[in-house]
Amino acid sequence: MAIPSLTDEQVHALSREEKDRWWLTNVFRGDMPQLTLRSALTGFFLGGILSATNLYIGAKTGWTLGVGLTAVILAFASFRLLASLGARDMTILENNCSQSIATAAGYMTGPLISGMAAYMMVQNVVMSFWQMMIFNVVLSILGVLVAFPMKRRFINDEQQPFPEGRAAGVVLDTLYTSHASVGIFKAKVLLVAALLAAGIRIISAESINVWLQTKILGLKTAYWLSEYFDHWAYWLIGVFTNRNADEVDHVKIADIPAEQLALRPGIELAMFGAGGLMGPRPAINMMLGMLLCYAILVPTFIHTGDIADKSGNFMNAAGQMVNAAGDLLPNVAPNFNQRDILAKWPLWPGVVIIVLASLIAFFAKPKVIISAFTGLFDRKKSGDQDCLKDIEFPLWISLVGIPIVGAVGVILAHAWFGVAYHFGALAIALTILLTLIAVNATALTSITPTGALSKITQLTFGVSNPGHPPTNLMTACMTTEVASNAANLLMDIKPGYMLGAKPRQQAWGHCIGILSGALASTPLFYIMFLAGHPDNPITPVDPRNAGVPVYEMMTSPDHAGFAFTAAVQWKGINDLISHGWSGMPQSAQYAMIFGALFTVIFELLRIFTKNKSPISPIAFGLGFVLPPDSTISMFFGATFFWAAHVLFGKRKESLNHRLWVDTREPICAGLIAGWSLLGIFDALVKGFFL
């Protein structure tokens, strides 16, 4: 059934009051159940799951995934399961409410993997559990209060597309018409993919297998499946040559074992699924950037002495290990580590490429920026009556709530992070402006430019107060969280508007999602990334972690071992503001200059060719800062689904098309969910039982 909508001519010709009356007559579903106890509980539960998986993927890659369509399918499947057990089937608006709650929860992880993590890395402190959760919730609620005054303009009046939100609305409408079998099929495929990923993960998870085999079964030795294909190859070679896998000659790049550079393919299905969602062009660019960095540049500058190994030793031009004084160490093997290497060299050109490309792309669309503000003063005249006054979110709540909640945020930033009151107040004012821009961009493209907006704030406050890192980090955290939460809220409201939902109940649903995401993601942050730290209030203290820097705790393979790409970028910007070029190898300085030139040329080329240029500087730069093994897995995932589209894209009636093309997103979502949830369980076992 087609969803009622206005034509382009009507959008331009009708006043907002006329559009509101049309919506009330043709779309609004009256008192159809929406925010019910069961829809709230379903969304709350699904939100916790999606928040957990987004935290895992965010720490691995640096970004959060769109979870709207996944939430729609999961909520639909949950409701149909309950209906099969005798419960009354849920309405389309209850499903929409559940997905809105779940989506709000899923996006609560943004500050945890970026600004807050960067703050802890830079300050070498562990934030209080309550500080992290309360500050995140306060900023998210501020995002809700900022978003609703914009809803009447962007959704009711201008009828902006919000593409991802519109897609969720279309899918929901399809599921509740004669094509509901499509939703059942997608839900089944998602479940099978999740179980497959979870099954492989459980036999490759070190902590789970050590716990089960040694603690539960009492075995002396634990065995588990390696995640890396090269380990399997060395093992097979060892079997045929009667040697241990460690004794087999490993693949080397310029005398450096490939595994020490993380140049090894693996079976990490979460990254495989992320690549499938990403598509081939960014994946190819990431792969090219990674190969240039870790297969050519890093080995080169290891041999020049610009990059030391984990023990502080260097490799000379002949491939021999030497100490800082230049003395040969004949019996010392290379001891390099990709995450240690990242901070010593690739981080700098990588951050320059990503940040500069984001800013160029952002400011290259002045119409998007200008239109965000011109709409405030260029409204069509309408009558005094408001036919939706009893349905819409009351404007007075935002007018009263924004100053109050904003003041709370400023006070907390000062009390907990030492941000001066005037900088905090300026950040709130800047937040309103940046949110307008973010919402306008999201309305047109479904892409919220949080990366560029955070860097604008960091640079603004970093220059204003260069000697106090928390000022640029936490003000950027404030502006980015409010802007992204407001934009994502409007993305969730779009399908509700299309299907005739009550905006007030959607606002309450979003607040429920905020609570769900905070309760799920905050404790998981401490369990997954800071297990055993003396200042961690959740897990038992591990004496071996005393004195270990927070940055190493979160990124070293000996501890949590996550990339934290977004947080590392924030930290890099802060370090550049605080220290300039000092302490940076000269080769890295030259790489930053060449990276900047490369970015300007190819980002402008991409813009002028209307995105037809094959080079994506942002994706290319991500290849410098993401772990190479993750990049390889994402490349394989993108290539697999691209090949499936080429082979089966035109065979629309075939099962292969239905499975690999039409159901690509549920498959990828299932792989991500199954692998991530078992990865989280592995972290729980490590934190509490080993």
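**Exercise 1. Find out how far apart aspartate 575 and lysine 571 are in helix H24, and whether they are buried or exposed.**

Aspartate 575 and lysine 571 stand four residues apart in helix H24, so about one helical turn separates them. Helices here are DSSP runs (H or I, at least four residues), numbered from the N terminus. Next, look at the side chains. Aspartate 575 and lysine 571 form a salt bridge, with the closest N and O atoms 3.0 Å apart. A salt bridge needs a side-chain nitrogen of Lys or Arg within 4 Å of a carboxyl oxygen of Asp or Glu. Last, check the surface. Both aspartate 575 and lysine 571 are buried. Buried means under 20% relative accessible area, exposed over 50%, and partly exposed in between (1.4 Å probe, protein chains only).

A note on the source: this is a predicted model, where local features need pLDDT of at least 70, side-chain atom pairs count only at pLDDT 80 or more, and totals for chains, interfaces and linings use all residues. Residues are numbered from 1 along each chain as its sequence is written, and side-chain values use heavy atoms, leaving out hydrogens and water.

**Exercise 2. Describe helix H8 from its start to just after its end.**

Begin at the start of H8. A side-chain oxygen of serine 128 comes within 3.3 Å of the backbone nitrogen of tryptophan 130. This is a polar contact: N or O atoms within 3.5 Å, one able to donate a hydrogen and the other to accept it; residues adjacent in sequence count only if both atoms are side-chain atoms.

Now take the length. H8 covers residues 129–157, which is 29 residues. From first C-alpha to last, H8 reaches 42 Å, close to the 42 Å expected at 1.5 Å a residue. The expected span is 1.5 Å times one less than the number of residues.

Then follow the axis. At methionine 150, H8 bends by about 50°. That bend is the angle between axes fitted to the seven residues ending there and the seven starting there.

Check the cover. Of the 29 residues in H8, 24 are buried. Finally, step past the end. Glutamine 159 has a positive phi of about 55°.

**Exercise 3. Find which parts of the chain are tied to H8 by salt bridges.**

The structure holds 14 salt bridges. Start with lysine 19 and aspartate 157, which meet at 2.9 Å, N to O. Lysine 19 is in helix H2 (residues 16–26) and aspartate 157 in H8, so the pair ties parts 138 residues apart in sequence. Lysine 19 is buried at 1% relative accessibility. Aspartate 157 is buried at 10%.

Go on to glutamate 392 and lysine 151. Their closest N and O atoms are 2.7 Å apart. Glutamate 392 sits in the loop between helix H17 (366–377) and helix H18 (395–417), and lysine 151 in H8, so the tie spans 241 residues in sequence. Both glutamate 392 and lysine 151 are buried.

Now join the partners. Asp20, Lys151, Arg152 and Glu392 form one network through shared salt bridges.

**Exercise 4. Classify the ring pair of tryptophan 416 and phenylalanine 417.**

A search of the whole structure gives 25 aromatic pairs. In this one, the centres are 6.4 Å apart and the planes 85° apart, which is edge-to-face. Rings of Phe, Tyr and Trp (its six-membered ring) pair if their centres lie within 6.5 Å; planes under 30 degrees apart are stacked, over 60 edge-to-face, the rest tilted. Tryptophan 416 is partly exposed at 25%, whereas phenylalanine 417 is buried at 4%.

Definitions and conventions:
Helices (H or I, at least four residues) and strands (E, at least two) are DSSP runs, numbered from the N terminus.
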